[in-house]
Amino acid sequence: MKKLLLPAVLAFLVACGDDNDPPEYTEDMQSLLDTSKDFSMDSVIYLADTVKFVDMLVQEVDFGDRDNPWLSYSVNAVSSAINVGLWVTPNSDGGFIKVKCRPDQDKDIVFNEPKFPATVDGYKLKFKSSLKVRDTKYHDVLEFKATDSLENICNIRAFYYGVHDGLVKVVSRNGVELSRVPAKVYEDAEDRRASERARADSLAQVVADSIAQAVADSVAKAIADSIVKANEIDSTDSDSDELLQDALDIAETVADCIKKAYSAGSLTAIKDCKI
Amino acid sequence: MLYCKIRYFACASLVLLCACGEIDTYPDTYSQRCSDTAAIDGFQADFGGYKKGKRIPYKHSDGYLFALTVTDRENYIDGACEKHLVTTLESAYPIYSVTVSGKTGTFYYDGAQKNRQPLEIEFGQYVFTVVDPLILKEVLHVANVNGKDTLLYGPDSNYIEKMEVNGVTYKDVAVSHGEKYKSFNNKYSTVKSDAKLYYQTKKGILKIELEDGSHIAINEEDD
């Protein structure tokens, strides 16, 4: 009995030892794992449409190690809600590919048979040898499409992952394409917005200044008129000419004082104008 | 002798089990009681008048006209008896998503405090803490700005009596100075940012200014 028990225990231990088996994966999965040298681990990329919109994205990637390779890729836009992830996990059952296609995604999209083209619940993965995005040709691109899913949980219609470059294109739910662009496009957009804002601020300042000047002129004129009127006397009298001139001088001085005070933005200084 | 030892260990084990079992004997009065309803009242619930399906027109500073639609609004109570109200607004293009999260305890609830609970608003990698503008108006403090004593409403948020956005004037507005997630793997670490969010209790998000110089603003004039 003891002679039989020992081999049985050994057989049981061997059968339970699957965790130590080397991972198995398809050629398609292998192509996604062989590109670790092409990536800088954390890097910034840019996506833009053909009009003016451009956004910065940070991509993070991890390829595991030589004995235990895998792919963990995620990319997040700074202002928009582009949040894409791709996880390639080999195991003794053939492995699986998991896709993330929106922020706070509460349901997994998992391809348990990772041979391309692959389909699950209408979501599709397809491998393309190359894809032209604007003027650049990207090689070895994985296409993810949600167009045939019954209930698209993604906030996008499709994305394209270049195995050497990361995210190269995104298509919005209403069909607008955002393509990979160099950093200069983003920097130019920042400069353009800064100059537009400076121009708008300058225009607003000119309008504010002209309004302030018009108000100051109007107030000064009204006060000058009232001073002249208060000192109005018979113009036939020779002394009265001098008095009238004095009144006009005072009115002019007060008007200048008010203009200066108003231009300086000091309403309290107007009180000191000896009105 | 062996029989005595076995009995001794058996008794000792029983004593130990009984001692451990006392954890369950706390009187009911110590247990947490949750509210019967997950609903939240006050500023957090009133903010924006957001209801599922509501579309709010916005304009991007680069000229894009789009609408943020309330795609989700969920009330729930978590395991610690805290009430949550999470509202999500999304647009197809530009691909935007805004999450407005309110949280409050079950037991503190009274009329005065229900408007004092802030909201947290996430937009892309930016996060803003949003306080009722009328509360901000009450908490004026004096700070030295450019050598002059100036009245401010808070270090991260300011009350604004009125502001014009795309041709419409809004009263009792506030601005929140945002933060930005530092590392995308560690979403809980944030740093200061130059992003600003202007808001009003009735209309919700009025304008968001981003660090790249762009902004989105509510566009009710053409509505």
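Let me begin with chain A, which has five helices and twelve strands, where helices (H or I, at least four residues) and strands (E, at least two) are DSSP runs, numbered from the N terminus. What you see is a predicted model, in which local features need pLDDT of at least 70 and side-chain atom pairs count only at pLDDT 80 or more, while totals for chains, interfaces and linings use all residues. Residues are numbered from 1 along each chain as its sequence is written, and chains are lettered from A and ligands numbered from 1 in the order in which they are written. The model as a whole scores ipTM 0.77 and pTM 0.74.

Of the 275 residues in chain A, 25% are buried, a word that I use for a residue with 20 or more other C-beta atoms within 10 Å of its own, as against exposed for 12 or fewer and partly exposed in between, with C-beta atoms placed from the backbone. Among contacts in chain A between residues at least 6 apart in sequence, those that join residues at least 24 apart make up 45%, and a contact here means that the C-beta atoms of two residues, placed from the backbone, lie within 7 Å.

Now please look at a run of strands in chain A, keeping in mind that two strands pair if DSSP finds at least two bridges between them. Strand E3(A) and strand E4 (residues 83-89) of chain A run antiparallel and are joined by six bridges, with a hairpin of five residues leading from E3(A) to E4(A), and Val75(A) stands opposite Val84(A) in E4(A). E4(A) is in turn joined by five bridges to strand E5 (residues 96-100) of chain A, again in an antiparallel arrangement, and there Leu86(A) has Val99(A) in E5(A) as its bridge partner. The hairpin of E4(A) and E5(A) has six residues between the strands, and in this hairpin Gly94(A) takes a positive phi near 110°.

Let us turn to chain B, whose secondary structure comes to three helices and 13 strands, and of whose 223 residues 29% count as buried. Its average pLDDT, the predictor's confidence in each residue from 0 to 100, is 82, and 75% of the residues score at least 70. Over residues 8-30 of chain B, however, pLDDT stays under 50, and the model has zero contacts for them beyond four places in sequence. Where pLDDT is low, the predicted coordinates should not be read in detail.

How do the chains meet? In this model, 22 residues of chain A are in contact with 19 residues of chain B. On the chain A side, the elements that give two or more residues are strand E2 (54-64), strand E3 (69-77) and helix H3 (183-230), and the largest share, four residues, comes from H3(A).

One residue of chain B deserves a pause, namely Pro94(B), in the loop between strand E3 (83-91) and strand E4 (96-104) of chain B. Is Pro94(B) buried or exposed? Pro94(B) is buried, because 23 other C-beta atoms lie within 10 Å. Leaving aside neighbours within four places in sequence, Pro94(B) is in contact with Phe53(A) and Ser80(A), and also with His60(B), Tyr64(B) and Phe66(B).

Finally, the largest nonpolar core, meaning a set of buried Ala, Val, Leu, Ile, Met, Phe, Trp, Tyr and Cys residues joined through C-beta atoms within 7 Å, has 80 residues, and those with the most contacts inside it are Phe159(A), Leu167(A) and Leu197(B).
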